[in-house]
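Me: I have a model open and I'd like to learn how to read it. Can we go through it feature by feature?

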Amino acid sequence: MSPSPVQFTRGVPPEEVLLVDELAKITTEVLAERPTEVFQYPRIGGNLGDERLRAALAARHGVDPRQVFVGNGSLQVLDLLSQLLLGPGGGDVVVESPTYDRAGLIFQRHGGRVLGVPLNGDGLDVERLEALVARRRPAFLYTIPDFQNPSGACASEGNRRALVDLAERHDFPIVEDTPYRRLRFRGVEQPALSELAPHRVITVGSLSKVLSPGLRVGYAIGDPGLVAGLAELGEGTYLTPTPLSQAVAARCLELGVVDSAVATAVSFLKPRHDAAVAAAREAFGDQVVAEPGGGYFLSVLARSALPEPEFLAAAADAGVRLARGSAFFPGGLPDGRLFLRLPFQALPEAEFARGVRLLADVLTR
Ligand code: PMP
């Protein structure tokens, strides 16, 4: 019998890092402590999110609670945010190339013309970005500076400083998406863009990768005017985010459960990351885009004359499933290249190594 396919498809947390018993216990406590609140429509103002959750997130980010908006997952927050920033007339949205495919599709849906700027191992190509924004001011720039999905790249401090400096000079807002930021296995933390330019940067955060994706808790941090605008759009779409999930998330933050979940995830994922980097280097050498040092993803920009559909079909025949690499490039893949997103978080080391060897064989046939 042939082994089951190696799945390099989704960035889902491995079950081993979900603190299910702890979450169940806290849910029971929340049900005892706040039963009417979590089963009722929230009070007036609840469209901004649960007050205790907003206070806990504000404390964590060193901001005022009036700067925190909570939605049902960060993808929904990105949806509302792009609606607000683009307005009825649409506009240009500059993204990294490659970028998170779902975000790009959301921006397009709200009338955004999505323009990609090449991303290197240490961040966006700032010269290319400058050439682009000098011609026309974008509605906003969307970036994932830490352990990017899909490439794994983590922007250097110098690159971050150059980026915010450029945004200041050309006067456009930056949306910084940070779901993997706390999942660092190697190296030192880089400053968040919001730390470098608090008034220029809107931070989008998520508890999906540091607590539980099933709770669907995502948030934005910006000025109170922007937060009110998001709340109004949210209220018109779903009234309020889900009270029970938010109450559980609030208590988890208050009790330090998010910190212990991060510690569990980091110690579980670090060996997988290190083994994945070694296996990918052995199979693909300098075609590996970056050694991430954190997060879920590693990626390869492979030199190949194979058209993508044929490559994916050959990979599937060899027993490897991959996301379509071109989906991450708003302007299409660079010529003569294929892009392989290799999530390492959910695969045991040997399985990951088997997958990359099979892919390397397909590419050298
Ligand atoms: N942004 C990025 C960069 C992601 O990788 C993801 C999840 N894969 C999301 C946003 C959405 O996360 P959620 O809606 O679960 O908060």
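**Backbone oddities and domains**

Reply: Let's start with Leu239, which is exposed, with 11 other C-beta atoms within 10 Å. The scale runs like this: 20 or more other C-beta atoms within 10 Å means buried, 12 or fewer exposed, and anything in between partly exposed, with C-beta atoms placed from the backbone. Keep in mind that this is a predicted model: local features need pLDDT of at least 70, side-chain atom pairs count only at pLDDT 80 or more, and totals for chains, interfaces and linings use all residues. Residues are numbered from 1 along each chain as its sequence is written.

Me: What is the phi of Leu239 near, and where is Leu239 found?

Reply: Most residues other than glycine have a negative phi, and most peptide bonds are trans. Leu239 has a positive phi near 65°, and this residue is found in the loop between helix H9 (224-238) and helix H10 (243-254). Helices (H or I, at least four residues) and strands (E, at least two) are DSSP runs, numbered from the N terminus. Asp171 also has a positive phi, near 55°, and lies in the loop between H7 and strand E7 (174-177). Asp171 is exposed, with 9 other C-beta atoms within 10 Å.

Me: Which peptide bond leading to Pro98 is cis, and where does Pro98 lie?

Reply: The bond from Ser97 to Pro98 is cis, with omega near 15°. Pro98 lies in the loop between strand E3 (91-97) and helix H5 (101-109). The bond from Asn149 to Pro150 is cis too, with omega near 20°, and Pro150 is in the loop between strand E6 (140-143) and helix H7 (157-170).

Me: How do I read the domains?

Reply: Domain bounds come from an automatic or database domain assignment. Here that gives domain 1 (6-18 + 259-363) and domain 2 (20-256). Count contacts next, meaning pairs of residues whose C-beta atoms, placed from the backbone, lie within 7 Å. By that count, 29 residues of domain 1 touch 32 residues of domain 2. H11 supplies the largest share of the domain 1 side, 9 residues.

Me: Where does the largest nonpolar core lie?

Reply: A nonpolar core is a set of buried Ala, Val, Leu, Ile, Met, Phe, Trp, Tyr and Cys residues joined through C-beta atoms within 7 Å. The largest one has 105 residues, and Phe69 and Leu342 are among those with the most contacts inside it. Both domain 1 and domain 2 give residues to this core, so it lies between them.

Definitions and conventions:
Contact = placed C-beta atoms within 7 Å.
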